[in-house]
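Hi everyone, thanks for coming along. I'd like to walk you through one structure today, so let's put it up on the screen.

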Amino acid sequence: MTPATATVNAHAARPDALEVEPFYTVPEAGGILRLGRSKLYEEIAAGRLRFVKVGRATRIPAEWLQEYRQLLIEEGQGVSA
């Protein structure tokens, strides 16, 4: 008898498989950061938020989303109330 394995897209899921952080769409990233889609596209155009193109689709790796979040925090700490 073989051990049971979960399947995803007809491929057996292995417990030792590489864990990969997701790529987010711009609207998904905006939801995470609580920022609008247009604002994120402005930040992409300004070079402040890195992205990749997958075909025609714009995607933001989770790691780069975290870098952008940290940039906002650092900038916010420089503002005096």
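**Helices, strands and a chain of charges**

Let me start just past helix H1, where Arg-34 follows the helix with a positive phi, near 60°. Do keep in mind as we go that this is a predicted model.

Now step back into H1 itself, which runs over residues 26-33. Which of its residues are buried? They are Val-26, Ala-29, Gly-30 and Leu-33. These four span an arc of only 100° around the axis, so they sit on the same side of H1. And what covers them? The cover includes strand S3, helix H2, strand S5 and helix H3.

Let's take H2 from that list. Two packed helices are described by the angle between their axes and the distance between the axes. Here the axes of H1 and H2 come within 9 Å, and they cross at roughly 105°. Angles of 65 to 115 degrees count as roughly perpendicular, and therefore that is the word for H1 and H2. If you want to find the contact on your own screen, look on the H1 side for Val-26, Pro-27, Ala-29, Gly-30 and Leu-33. On the H2 side, the residues they meet are Arg-37, Leu-40, Tyr-41 and Ile-44.

While we are on H2, let's turn to the charges. How many salt bridges does the model have? The count comes to four, and I'll follow some of them with you.

Begin with Lys-39 and Glu-43, whose closest N and O atoms are 3.7 Å apart. Both belong to H2, residues 37-45, and because they are four residues apart there, about one helical turn separates them. Lys-39 is partly exposed, at 37% relative accessibility, while Glu-43 is buried, at 7%.

Glu-43 also forms a salt bridge with Arg-48, and there the closest N and O atoms are 2.6 Å apart. Arg-48 is partly exposed, with a relative accessible area of 29%.

From Arg-48 we can go on again, since its side chain meets that of Glu-75 in a salt bridge of 2.7 Å, N to O. Where do these two partners lie? Arg-48 is in the loop between H2 and strand S4, and Glu-75 is in H3, residues 62-77, so this pair ties together parts that are 27 residues apart in sequence. Glu-75 is partly exposed too, with a relative accessible area of 36%. Put those shared partners together, and Lys-39, Glu-43, Arg-48 and Glu-75 are joined into one network.

Last stop, the strands. S5, residues 57-61, pairs with S3, residues 23-24, in the antiparallel sense over two bridges. One detail to click on there is Tyr-24, whose bridge partner in S5 is Ile-60. S5 also pairs with S4, residues 52-54, again antiparallel, over three bridges. In that pairing, Val-52 stands opposite Arg-59. S4 and S5 form a hairpin with two residues between the strands, and in it Gly-55 takes a positive phi near 65°.

So, to pull out one thing to take back to your desks: the salt bridges with shared partners, linking Lys-39, Glu-43, Arg-48 and Glu-75 in one network. Thanks for listening!

Note on methods:
Residues numbered from 1 in each chain as written. Predicted model: local features only at pLDDT ≥ 70, side-chain atom pairs only at ≥ 80, totals over all residues. Heavy atoms only, no water. Pairing = 2+ DSSP bridges. Buried < 20%, exposed > 50% of the residue type's maximum accessible area, 1.4 Å probe, protein only. Arc of directions from axis to C-beta. Contact = heavy atoms within 4.5 Å. Axes fitted to C-alpha atoms, helices over the stretch in contact; angles between N-to-C directions. Parallel < 35°, antiparallel > 145°, perpendicular 65-115°, else oblique.
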